[in-house]
Amino acid sequence: MSTDSESASDDAAADESATENTLPGEYDPGAVEPKWQDRWVDEGTYEYDGDADVDSNLVYSIDTPPPTVSGSLHMGHLYAHTLQDFTARYHRMAREHTFFPFGYDDNGIASERLTEQELGIRHQDFTRREFQEKCREVCQDYEAEFTDEMQSLAMSIDWTNTYKTIEPRVQRISQLSFIDLYEQGREYRQRAPTIWCPDCETAISQVEQEDKDKHTKFNDIDFDLLETSDGAAADGATFTISTTRPELLPACVSVFVHPDDDENQHLVGGTAKVPIFGQEVPIIADERVDMETGSGIVMSCTFGDQTDIEWYQAHDLPLRIAIDESGTMTDLAGDYQGMSTEEAREAIIEDLDDVGALVESRDHDHTVQVHERCETEVEYLVTEQWYVEMLDRTDDYLEAGREMEWYPEKMFTRYQHWIEGLEWDWCISRQRDSGIPIPVWYCEDCGETIMAEKEDLPVDPLSDDPPVDACSECGGSDFRPEEDVFDTWATSSLTPLINAGWDWDAEAGEFTMEHPELYQFDLRPQGHDIISFWLFHTVVKCYEHTGEVPFENVMINGHVLDENREKMSSSRGNVVLPEEVMEKYPVDAIRFWSASASVGDDFPYKEGDLEAGERLLQKLWNASRLIDQLTPAADAVEEPDEDDLAAVDRWMLAELDDAVDSLTEQFEAYEFSKARNELRSFFWNSFCDDYLEIAKQRLSDGGDASTEYALVTAHRTFLKLFAPFLPHVTEELWQRLYTDEAEELDSVHTTDWPETRGYDADLEAGERAMEVIAALRRYKTDSGLPLNADLDTVQVYGGIAGFEDAVAEAMHVADLETLDEPPEVTTEVTGVDLDYSLVGPEYGSEVGDIDAAIEAGEFEEVDGKLQVAGVELDGEMYEIEESRTYSGEGEMIETENAVLIVG
RNA sequence: GGGUUCGUGGUCUAGUUGGUUAUGACGCGGCCUUUACAAGGCCGAGAUCGGUGGUUCAACUCCGCCCGAACCCA
């Protein structure tokens with residue numbers, strides 16, 4: 001392959017025969033794909049080119065949830081981002097501007113630990129600012145790697161619009177959000193029951209805990225009964241409770257009995273004495289008691305589980321705090337003070353046994369709640385935390401969810417049920433050392449909350465001074481900085497505001513957006529497993545800040561499963577890595593496979609499906625090669641007058657119009673799998689198998705302006721329609737065939753999406769002609785003839801007006817004749833085909849009789865009406881089925897809409 | 001345990017308000033060297049639509065129960 005010197009630049013496109021204007025016989029994705037990936041990035045092909053003055057209807061904006069980049073790319077990333085890329089590429093062509101940004105989430109425990117490991121440091125030895133600086137440095141390599149991987153998957157992301165959740169700009173937005181919500185009265189600080197991880201020593205939210213099966217002891221413990229509902233109990237009267245956590249005995253505040261528990265009903269209203277610790281507690285009835293477990297009598301403590309919290313709230317119980325924030329017993333535990341919960345449990349069981357209060361201690365398996373990050377069993381403590389109020393606005397948030405279009409629609413129910421089940425406000429403070437600081441100080445004298453000034457943000461109260469010298473309430477001058485940081489979701493839920501450049505304008509005294517044209521965002525993609533917190537929290541936050549629902553559309557993606565439809569997980573060892581897949585298959589083939597499932601459905605990773613995509617690439621390449629050979633240079637092809645278009649060419653262009661309409665609708669509705677299937681089968685079956693075979697013959701004896709035009713037009717359109725799915729091969733073909741080798745890249749991905757041209761054609765005649773061709777192909781195959789065998793004469797009945805030559809040429813028929821009348825046949829009525837959609841509603845229960853009569857042959861057609869079973873059916877309700885026998889010369893072939901005689 | 005979603009040939013999948021012949025792909029079997037493509041073309045086999053009851057003239061489609069899977073929440 002030689003290239004002449006002037007094009008032998010460092011432009012990789014010149015490596016092959018581009019200058020010779022023919023396509024090589026094989027498509028080589030291994031060389032082509034990286035070439036374009038680099039070029040797109042170098043040329044900034046996907047950079048957002050809108051600004052604040054642009055009509056937001058002309059902008060398609062995507063708010064992408066940022067992945068944790070310190071982890072490695074998995075099939076879920078690949079799939080979810082590929083779906084996003086389909087929408088981005090389609091809309092980039094269909095609209096004026098597309099905004100497809102990227103975010104790196106490095107503001108979490110994962111990157112914190114990574115930084116400590118990589119640098120061999122402890123975050124405690126640095127200020128938060130210093131440590132976060134180091135996190136940013138360490139994460140940079142991981143981000144670069146992630147970026148490379150995303151680029152090698154052909155994500156059409158604008159790499160000049162990225163953010164990191166740890167960067168100062170994002171910290172400022174997080175703190176602005178906090179202050180705005182506080183000023184709106186949507187936040188409060190309260191001492192309240194919190195889910196607490198004693199190992200990490202932080203509050204965690206409901207969603208950060210997970211189930212873990214645990215083997216433990218179930219202990220039956222005797223309580224002294226002091227009073228029953230009828231007054232003082234008999235001396236020495238006891239009852240038994242069962243618990244897995246005897247270390248909570250000092251925290252016991254009451255005993256519960258189920259209202260339906262007849263056997264123990266006499267206890268209700270009475271009083272009991274807790275063994276060893278001696279506090280007297282009331283006995284109360286409540287339906288939340290599980291009668292099946294243990295004795296059916298249960299103690300309630302501060303707090304053993306979430307039911308204890310519910311009881312505390314419902315029955316106004318006192319607090320007895322026996323376990324502190326590090327999981328150590330408090331002074332309330334008396335002799336056990338200072339022990340860990342585990343140690344106290346052992347000791348208390350022993351002592352219970354000594355005083356004769358331990359009835360039995362037996363093996364027991366149950367489920368406990370653990371912190372998802374460290375697997376430590378959680379405690380329920382009373383601590384001071386910041387909350388975002390939510391429970392009072394759940395109706396609004398539900399309505400906000402209704403205002404968005406959900407793809408698929410059914411996923412809205414997950415959002416709805418999550419909201420309907422909400423029981424807690426959102427705890428947003430965390431006791432981590434690192435993270436985005438809560439920008440608050442407290443007056444040492446009166447406890448007044450001092451918020452940072454918006455213009456000072458970001459601040460860190462541990463290093464920065466409060467904005468006032470004296471407390472506005474009491475005039476005090478000593479301030480205590482808030483040590484807590486935000487829950488990462490408090491930041492992750494702000495991505496639309498980060499992307500739109502939300503900020504506080506101190507001069508104007510209002511919040512502004514650098515890019516108001518982006519908001520609300522057209523699309524929010526999200527995995528179906530995290531609708532409840534990520535998407536929900538984002539809707540809540542943005543709604544409260546802007547008064548507007550942040551997204552017009554939500555696209556929920558499913559999960560990639562293994563070939564047996566099981567979830568991929570490292571413990572099962574069935575994880576498929578994107579790198580392995582990318583080594584074996586072209587990215588375009590992987591993308592085509594990604595489009596195979598309906599949006600929202602989980603789907604399995606199957607190698608065979610990737611091969612289908614690979615074959616399509618080759619087919620597209622080969623067809624392009626043929627078209628290139630058949631037609632002159634693209635710019636020499638001109639549109640003929642409408643009247644000069646041959647019927648078959650006009651037919652192709654009209655069919656293409658239909659396909660464009662349909663594909664456009666499907667892309668608009670995020671129906672990628674429908675679009676993919678329809679495009680593939682239209683291209684392969686209608687265009688390649690039918691039309692291209694005809695065109696090949698029509699052009700074999702020299703040029704034909706009509707067919708050349710139709711071929712090139714269809715081909716250009718196909719490249720555009722395939723472009724969102726197969727960005728590399730379409731770009732390669734587009735560049736080779738339809739652009740000058742200009743300085744600047746004129747990418748197929750920045751061309752306009754095809755519009756229908758409004759060609760009018762006899763679609764039915766075309767369809768019949770294709771039927772006839774298919775029938776002749778079948779005839780040749782059945783007769784053992786090669787497909788290019790000559791046929792002497794073929795007669796066709798069934799209008800194929802205008803397509804006679806096309807059929808004859810394509811099928812090598814010497815003499816093709818059309819018939820005005822059906823061939824002479826003897827017919828025999830074999831039955832009646834009813835149109836039940838008409839007959840059913842009309843005759844209802846009589847349909848059975850009608851069917852039976854037809855089955856028995858008891859019917860008669862008179863004057864275009866069918867007399868059967870005592871009723872008379874109109875002509876449109878039925879069709880007489882007949883078998884036809886042809887006794888003339890040649891062989892008769894019937895298709896659905898045509899009859900032909902091959903002779 | 002509760003909720004949500006789902007269950008269609010060997011595998012994956014279409015099936016829009018119920019209308020009787022259930023779509024396509026992969027795989028499988030057979031045939032065809034045809035001047036873009038054997039990674040192609042043509043033909044064929046293969047499904048009582050998870051099971052079971054019900055509503056209806058008519059159910060893959062609507063309803064009840066059961067079985068199984070995934071996710072979310074306990």
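**View 1. E693 and two lysines beside RNA strand B.** In this predicted model, the side chain of E693 puts an N or O atom 3.4 Å from a base nitrogen of RNA strand B. Over at the backbone, a phosphate oxygen of the strand sits 3.1 Å from a side-chain N or O atom of K696, and a phosphate oxygen is 3.4 Å from one in K674. Elements giving two or more residues to the surface near the strand include α15 (607-630), α17 (672-698) and α20 (763-782); helices here are DSSP runs of H or I, at least four residues, strands are E runs of at least two, and both are numbered from the N terminus.

**View 2. The wider surface around RNA strand B.** Here 43 residues surround the strand, and the closest are R565, R615, W684, L787 and Y836 (near means a heavy atom within 4 Å). Helix α17 gives the largest share, eight residues. By class, that's 13 nonpolar, 12 polar and 18 charged residues, with Ala, Val, Leu, Ile, Met, Phe, Trp, Tyr, Cys and Pro taken as nonpolar, Asp, Glu, Lys and Arg as charged, and the others, Gly among them, as polar. Of the strand's atoms within 4 Å of the protein, 60% belong to sugar or phosphate and the rest to bases.

**View 3. The second largest cavity.** Its volume is about 50 Å³, and its lining is L248, T302, F303, I321, I323, E379, Y380, L381 and V382. That makes seven nonpolar, one polar and one charged residues. A cavity is a set of points on a 1 Å grid over the protein atoms alone where a 1.4 Å probe fits but cannot get out, and lining residues have an atom within 4 Å of a point.

**View 4. S300 in strand β13.** S300 belongs to β13 (residues 297-301) and is buried, at 1% relative accessible area (buried means under 20%, with a 1.4 Å probe and protein chains only). Its side chain makes a polar contact of 3.5 Å with that of D308; such a contact pairs N or O atoms within 3.5 Å, and within protein one must be able to donate a hydrogen and the other to accept it, while residues adjacent in sequence count only if both atoms are side-chain atoms. Beyond four places in sequence, S300 is in contact (heavy atoms within 4.5 Å) with residues including A251, F256, W311 and L317.

**Notes.** Residues are numbered from 1 along each chain as its sequence is written, and chains are lettered from A and ligands numbered from 1 in the order written. Local features need pLDDT of at least 70, side-chain atom pairs count only at pLDDT 80 or more, and totals for chains, interfaces and linings use all residues, while side-chain values use heavy atoms, leaving out hydrogens and water.

Methods
1 Å grid on protein atoms, 1.4 Å probe; cavity = no way out; pocket = protein on both sides within 12 Å on 5 of 7 lines; lining within 4 Å. Points joined across faces, edges and corners; volume = space filled by probe spheres on them. Buried < 20%, exposed > 50% of the residue type's maximum accessible area, 1.4 Å probe, protein only.
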